[in-house]
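Here are a few exercises to help you find your way around a new structure. Grab a viewer, try each task, then read the solution.

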Amino acid sequence: MAHATIHVGFTVPHLLRGASRIFPTHSALVVLRHSAFCYCTVNGTIKSKRKMDHLDRTANNFRQEVISQAKVCGITNESKTVKRLRLAIANKDFTFKAGQWVDFFIPGVSVVGGFSICSSPGLLEREGILELAVKYTAHPPAHWIHTECTLDSEVALRVGADLQGYQEGKGNGYKMGTVKLYYSAKNTSELLFKKNILGLMNAFPGKITCRFHVTQQSSQICKELQPHVTERRISEKDLEKHVSKDTLWYICGPPPMIESISKLLSSIGVPRNCVFFEKWW
């Protein structure tokens with residue numbers, strides 16, 4: 001049985017690599033809105049969690065027992081508001097799967113952060129490295145990363161909820177589905193991991209496709225991106241052509257965007273049990 005999935009989110013390359021594992025034989029339609037750090041809520045009423053601490057919000061989520069020390073070994077600017085943090089993991093027993101996040105413990109900072117992992121499990125296996133993409137906010141952990149974190153800063157990590165529902169293996173009938181991604185941001189400079197996405201599209205023609213949407217583009221769009229960019233918001237017309245009984249939809253982004261897309265999907269006849277969203281705030 002084939003399915004299509006829409007996801008609005010942030011950890012794009014990791015999401016796309018994991019999507020076919022999450023739903024074997026399903027096709028995935030993914031809608032993305034920049035700046036998503038999300039509290040996982042599946043098929044439920046959207047409720048604001050803005051005033052709650054990360055550990056309170058996720059108190060009922062499963063966590064691994066392993067807490068590993070980590071050292072910052074790389075810091076890069078993915079955009080003006082997002083930093084990619086590269087972390088060397090000390091504990092060899094530390095593992096994670098596609099779709100997981102980490103509790104982020106900072107010495108001297110009482111508030112615990114919660115950030116989605118944007119690198120693959122393969123990078124951890126090969127190099128002992130894990131990467132996070134963190135948007136600037138006044139929240140203490142994110143603020144520390146953007147204003148105080150330096151190379152060789154030491155932190156601690158613990159893996160949170162596992163969103164991967166399927167483990168690929170030999171002889172299990174695994175068949176890769178398809179992913180259709182809609183990714184919206186203010187401008188092309190805020191389209192994080194766009195080169196990774198284009199690379200995945202080239203590596204899996206017909207299996208992974210993407211449409212970038214920009215809403216406040218002021219400069220010329222580069223030739224490489226031009227065929228894939230639409231200069232407006234994601235609309236009902238974009239999504240309604242993908243509606244079917246076999247479509248699974250994933251939404252990830254700021255709360256107002258999640259609420260807006262959820263209402264849009266309901267209005268075009270998408271069953272509630274086919275819509276999944278993540279929400280940190």
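**Exercise 1: a helix with two sides**

Which residues are exposed on the other side of α5, away from its buried residues? Work it out for this predicted model.

Solution. Start with the covered part: in helix α5 (residues 194-203), the buried residues are I197, L198, L200 and M201. Next, look down the axis of α5: these buried residues fall within an arc of 160 degrees, so they line one face of the helix. There's a general pattern to keep in mind here: an α-helix has 3.6 residues a turn, so residues three or four places apart point the same way. Now turn to the other side of α5, and there you have the exposed ones: K195, N202 and A203.

**Exercise 2: rings that meet**

Find out how many aromatic pairs the whole structure has, then describe the pair of F104 and F115.

Solution. Searching the whole structure turns up four aromatic pairs. For F104 and F115, the ring centres are 5.5 Å apart and the planes stand at 70 degrees; the cut-off for edge-to-face is over 60, so this pair is edge-to-face. Then check where the two partners sit: F104 belongs to strand β5 (residues 101-105) and F115 to strand β6 (residues 113-116), so to speak eleven residues apart, and the pair links distant parts of the chain. Are they buried or exposed? The cut-off for buried is under 20% relative accessible area. F104 has 0% relative accessibility, so F104 is buried, and F115 is buried too, at 5%.

Now take Y250 and F276: their rings are 4.9 Å centre to centre with 10 degrees between the planes, which makes a stacked pair. This pair also links distant parts of the chain, with Y250 in strand β12 (residues 249-252) and F276 in strand β13 (residues 275-278), 26 residues apart. Both Y250 and F276 are buried.

One last step: which residues do ring pairs link into a cluster? They are F104, F115 and W144.

**Exercise 3: the neighbours of β4**

Work out which strands pair with β4, and in what sense.

Solution. Begin with strand β3 (residues 67-77), which pairs with β4 in the antiparallel sense over seven bridges. β3 and β4 form a hairpin, with four residues between them. To see the pairing up close, find N77, which stands opposite K83 in β4. Then move on to strand β7 (residues 129-135): seven bridges join β7 to β4, and the two run antiparallel. Here K83 stands opposite V134 in β7. Finally, ask how covered β4 (residues 82-89) is: six of its eight residues are buried, so to say mostly covered.

**Exercise 4: how far to trust the picture**

Find the stretches where pLDDT is under 50 over residues 6-27 and below 50 over residues 34-50, and put them beside the mean for the chain.

Solution. Take the chain as a whole: its mean pLDDT is 79, and 72% of its residues reach 70 or more. Over residues 6-27, pLDDT stays under 50, and the model has 112 contacts beyond four places in sequence for this stretch. Residues 34-50 also have pLDDT below 50, with 72 contacts in the model beyond near neighbours in sequence. What should you do with that? Where pLDDT is low, the predicted coordinates should not be read in detail.

Technical notes:
Residues numbered from 1 in each chain as written. Predicted model: local features only at pLDDT ≥ 70, side-chain atom pairs only at ≥ 80, totals over all residues. Heavy atoms only, no water. Phe/Tyr/Trp six-rings, centres within 6.5 Å; stacked < 30°, edge-to-face > 60°. Buried < 20%, exposed > 50% of the residue type's maximum accessible area, 1.4 Å probe, protein only. Arc of directions from axis to C-beta. pLDDT = per-residue confidence, 0-100. Contact = heavy atoms within 4.5 Å. Pairing = 2+ DSSP bridges.
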